[in-house]
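Please examine the sequence and the three-dimensional structure shown below. The report then discusses confidence, charged pairs, aromatic rings and backbone angles.

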Amino acid sequence: MSRVPSYCTLMPVLSLNKDGVSFAIPPVQQGSRAYRVRLEYRGVSGRVPRVCLWQVGPDRCASLPVLRGRRAWQAIDETVALDSEVQALRLFLYADGGGARPTVAEYRNIHVGPVGSVAITHCMEGTTTLP
């Protein structure tokens with residue numbers, strides 16, 4: 001039986017036109033309360049792109065920065081602290097309609113996954129200790 005990875009990386013470029021899309025993120029790992037959200041986006045026309053990392057359980061978005069509506073590719077790379085009641089996650093990417101012009105938003109290099117920790121378990125003799 002293959003193990004489902006605890007991260008989600010999506011297609012090269014996702015272009016949305018006055019609509020939105022959502023992706024289920026593999027199950028929240030026990031004890032993983034910090035998740036990293038990385039993606040690139042741009043607002044081709046219309047309203048500013050929006051992103052929501054939806055927390056199932058508390059039923060609200062995790063705190064992410066407001067995106068800017070520029071035509072050039074922008075990046076976000078954020079670590080979010082999940083609520084303790086989170087049972088699952090969904091990533092919503094938006095291209096909101098209703099503006100004066102049609103909305104087109106593009107997203108690429110999308111990655112969501114738990115933040116790992118690093119432990120040093122052995123130091124070799126003669127290594128320098130940092131203050």
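The following paragraphs describe selected features of this model.

**Confidence**

The model is predicted. For the protein chain, the mean pLDDT is 78, and 70% of the residues reach 70 or more. Residues 1-11 stay under 50 in pLDDT, and the model has 25 contacts beyond four places in sequence for them. Residues 126-131 also have pLDDT under 50, but here the model has zero contacts beyond four places in sequence. Where pLDDT is low, the predicted coordinates should not be read in detail.

**Salt bridges**

The whole structure contains five salt bridges. Three of them are listed here.

| Pair | Closest N to O distance |
|---|---|
| Arg-36 and Asp-77 | 2.6 Å |
| Arg-42 and Glu-106 | 2.8 Å |
| Arg-50 and Asp-96 | 2.5 Å |

Which parts of the chain does the salt bridge of Arg-36 and Asp-77 tie together? Arg-36 belongs to strand β4 (residues 34-45) and Asp-77 to strand β7 (residues 74-81), so this pair links parts that are 41 residues apart in sequence. Arg-36 is partly exposed at 31% relative accessibility, and Asp-77 is likewise partly exposed, at 43%.

The salt bridge of Arg-42 and Glu-106 joins strand β4 to strand β9, and therefore ties together parts that are 64 residues apart in sequence. Arg-42 is partly exposed, with a relative accessible area of 25%. Glu-106 has a relative accessible area of 14% and is buried, because the limit for a buried residue is under 20%.

In the salt bridge of Arg-50 and Asp-96, Arg-50 lies in strand β5 and Asp-96 in the loop between β8 (88-94) and β9, so parts that are 46 residues apart in sequence are tied together.

**Aromatic rings**

There is one aromatic pair in the structure. Phe-92 and Tyr-94 form this pair, which is stacked, with 6.1 Å centre to centre and 10° between the planes. Phe-92 is partly exposed at 22% relative accessibility, and Tyr-94 is partly exposed with a relative accessible area of 22%.

Arg-50, a partner in the salt bridge with Asp-96, also lies over the face of Tyr-94, at 4.0 Å from the ring centre. Arg-50 is partly exposed, with a relative accessible area of 40%. Elsewhere, Arg-108 lies over the face of Trp-73, at 3.9 Å from the ring centre.

**Backbone angles**

Most residues other than glycine have a negative phi. Asp-59, however, is not a glycine and has a positive phi of about 55°. Asp-59 is located in the loop between β5 (50-56) and β6 (60-61). Asn-109 has a positive phi near 50°, and its place is in strand β9 (residues 104-114).

How values were computed
Residues numbered from 1 in each chain as written. Predicted model: local features only at pLDDT ≥ 70, side-chain atom pairs only at ≥ 80, totals over all residues. Heavy atoms only, no water. Phe/Tyr/Trp six-rings, centres within 6.5 Å; stacked < 30°, edge-to-face > 60°. Buried < 20%, exposed > 50% of the residue type's maximum accessible area, 1.4 Å probe, protein only. Lys NZ or Arg CZ within 6 Å of the ring centre and 35° of its normal. pLDDT = per-residue confidence, 0-100. Contact = heavy atoms within 4.5 Å. Helix = DSSP H or I, 4+ residues; strand = E, 2+ residues; numbered from the N terminus. Salt bridge = Lys/Arg side-chain N within 4 Å of Asp/Glu carboxyl O.
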